[in-house]
Amino acid sequence: MKARHDRRNVCGRRKTDGAERTLRTVQHFIDNKFVPSESDKSFETVNPATNEPIGYIASGESADIGRAVLAARKAFDDGPWRRMGAEARAKKLRHIADLIEMHAGEIADVEIEDTGIPATQIKKGAIPRAAENFSFFADVSTRISGETFPVEGRFMNYTVRRPVGVAGLITPWNTPFMLETWKVAPCLAAGNTCVLKPAEWSPLSADMLARIVAEADLPPGVFNLVHGMGESAGASLVAHPSVQLLSFTGETTTGKEIIRNGASTLKRFSMELGGKSPTIVFEDADLDRALDGAVFQVYSLNGERCTAGSRLLVQESVIDGFVRKLEQRVRRIKVGDPRDPATEVGPLIHPDHWKRVRAYMDVARSEGATIVVGGDRPEGFARGNYFAPTLITDVQNSMRVAQEEIFGPVLVVIPFKDEAEALSIANDVQYGLAAYLWTGDMMRAHRIAQAIESGLVWINSHNVRDLRAPFGGSKASGIGREGGHYSFDFYTELTTIHVALGQHPIPKLGAT
């Protein structure tokens, strides 16, 4: 966990390698104002490539969450936001999308420095997608409608959707800006107000989002941002009785704790949790494309991807040749400075996470697996949180490295004989977020896709998102679906209205 500091004792400049540079100072955003913590405390955020401080972040606690929720509650109850028509709100959200595009370069630079994700993957993927989230959900919100249920001329029953209230949004440290917009955009489009609690390991781009919201001139209290640790700011947000919705993306153990802590106030939950997703390669697949997909799906975003295809299942008849080519590709992955356009894998987010990923290498060896490539710090990277792209073979699905989410650039390879065994191995895990199938037999592809215990399945493709489609997992990978109109199932309350069209009989109790 990052060290806390008293903000009154924090200097705004730091000497590094003899050079003095300015560090960022980040505050909360509450009721359209940037404010410090009531405790006046802050914590460091570091550059994963160097582990040098790059900013001091206001450390929010219960009092700060209380201020933010009060502002959101007042904005929802008394402000204009939920009373606007959908098109008026959509216009504001489209403006935010335009501002993200306008400031895309600056946002990307901040995100790269704070997360270590390679520049090309941020600039070409995450930031454009963040702008698209706002424009997409703005458009969807204007098309959401109810249903009608006529009853033989006696009744006209119909449904309407209304915003629920104050939403707590807790986001992860991987691709934080994009995932923040994935929650904020539909939440606000539906007419709710919100308090965002970003991950403490990557807080800087959330501050950029707050500055863009301020520039877009949303009504006070509609969007609020409180930084801080999960056990203080996050737990306070989950427990607050005025928060009616809670959307969380993160690991499964934390998700379970959030549900337990929010149950006493009957919150509505949307939980996108962990994964240990299979990539299944059959002998009749286009093996070159399958190789491309398998490599990209686990090593992009530094392996810190919830939908990573971290278990590679390959049919025995082709596994030897496939793994030889795979090994060559993994060895050639370019590790380097995330600012370098040539870099394909950058550093992991934090020293604590590096230690966690590294510990799984000892687990793999103790279980009898073979680390063919990687498994430790790459040569030439003495500082920072760099971890070499890693390939592990001789793996059985019962091993911990095949069952537990490592969340790093680590791929385990498991052989299978036939379709039945592939399906059995794929489903024999607690998670069920994503799956990737590579085969030339479309009948088999559909059979497996419908039998696999997973919320998402791609056939002959890596993860290519369609924002209209529902996104979410099964089993320990989550609860609920977001995306397209499915987001509005979560962020709106459904009311059924019954209208009598005539003088239908009413029982007369107590009339005689």
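## The largest pocket

By class, the residues lining the largest pocket of this predicted model comprise 16 nonpolar, 13 polar and 11 charged residues. The volume of the largest pocket is about 1100 Å³. Its lining consists of 40 residues, and those closest to the centre are W173, F248, G250, E251 and T254. Four elements give two or more residues to this lining: helices α7 (230-239), α8 (252-262) and α11 (351-366), together with strand β14 (245-249). The most is given by α8, with 7 residues.

## The second largest pocket

The second largest pocket has a volume of about 670 Å³. It is lined by 25 residues, and R129, M178, L301, R305 and R465 lie nearest its centre. Two elements, α4 (119-141) and α5 (176-189), give two or more residues to this lining. Helix α4 gives the most, with 7 residues.

In terms of class, the lining of the second largest pocket is made up of 9 nonpolar, 9 polar and 7 charged residues.

## T252 in helix α8

Residue T252 belongs to helix α8, the element that gives the most residues to the lining of the largest pocket. T252 counts as buried because its relative accessibility is 5%, below the 20% limit that defines a buried residue.

Which residues does T252 contact, leaving aside its neighbours within four places in sequence? They are L273, G274, Y431 and A476. Two of these contacts can be described at the level of polar atoms. A polar atom of the T252 side chain lies 3.2 Å from the backbone nitrogen of G274. The side chain of T252 also reaches the backbone oxygen of A476, at 2.8 Å. As for a position elsewhere in the chain, L313 is 61 residues from T252 along the sequence, and the C-alpha atoms of the two are separated by 24 Å.

## T307 in a loop

Residue T307 lies in the loop between α9 (287-299) and β17 (311-315). With a relative accessible area of 3%, T307 is buried, because the limit for a buried residue is under 20%.

Leaving aside neighbours within four places in sequence, the contacts of T307 are S277, Q297, L433, A434, Y436, L456, N463 and F471. One of these, Q297, has a number that falls within the range of α9.

## Helix α1

Helix α1 covers residues 62-78 and has 17 residues. At 1.5 Å a residue, these should span 24 Å, and the end C-alpha atoms are 24 Å apart, so the expected and computed spans agree.

The buried residues of α1 are D64, I65, A68, V69, A71, A72, R73, A75 and F76. In an α-helix there are 3.6 residues a turn, so residues three or four places apart point the same way. The buried residues of α1 pack against several strands, namely β5 (28-30), β10 (155-163), β11 (166-170), β12 (193-197) and β13 (223-225), and against helix α7. Helix α7 also gives two or more residues to the lining of the largest pocket.

## Helix α6 and the residue after it

Helix α6 comprises residues 204-216, 13 residues in total. From its first C-alpha to its last it reaches 19 Å, close to the 18 Å expected at 1.5 Å a residue. Because 10 of its 13 residues are buried, α6 is largely enclosed by the rest of the structure. The buried residues are L204, S205, A206, D207, M208, L209, A210, I212, V213 and A216.

Helix α6 is followed by D217, which has a positive phi, near 60°. Most residues other than glycine have a negative phi.

## The loop between β5 and β6

Positive phi values are also found in the loop between β5 and β6 (33-35), where D31 is located. Phi of D31 is near 60°, a positive value in a residue other than glycine. D31 counts as partly exposed, because its relative accessibility is 30% and the partly exposed class lies between 20% and 50%.

The loop between β5 and β6 also holds N32. This residue, again other than glycine, has a positive phi, near 65°. At 27% relative accessibility, N32 counts as partly exposed. Strand β5, at one end of this loop, is among the elements against which the buried residues of α1 pack.

Definitions and conventions: Residues numbered from 1 in each chain as written. Predicted model: local features only at pLDDT ≥ 70, side-chain atom pairs only at ≥ 80, totals over all residues. Heavy atoms only, no water. 1 Å grid on protein atoms, 1.4 Å probe; cavity = no way out; pocket = protein on both sides within 12 Å on 5 of 7 lines; lining within 4 Å. Points joined across faces, edges and corners; volume = space filled by probe spheres on them. Nonpolar A, V, L, I, M, F, W, Y, C, P; charged D, E, K, R; others polar. Buried < 20%, exposed > 50% of the residue type's maximum accessible area, 1.4 Å probe, protein only. Contact = heavy atoms within 4.5 Å. Polar contact = N/O pair within 3.5 Å; in protein donor to acceptor, adjacent residues only side chain to side chain. Expected span 1.5 Å × (residues − 1).
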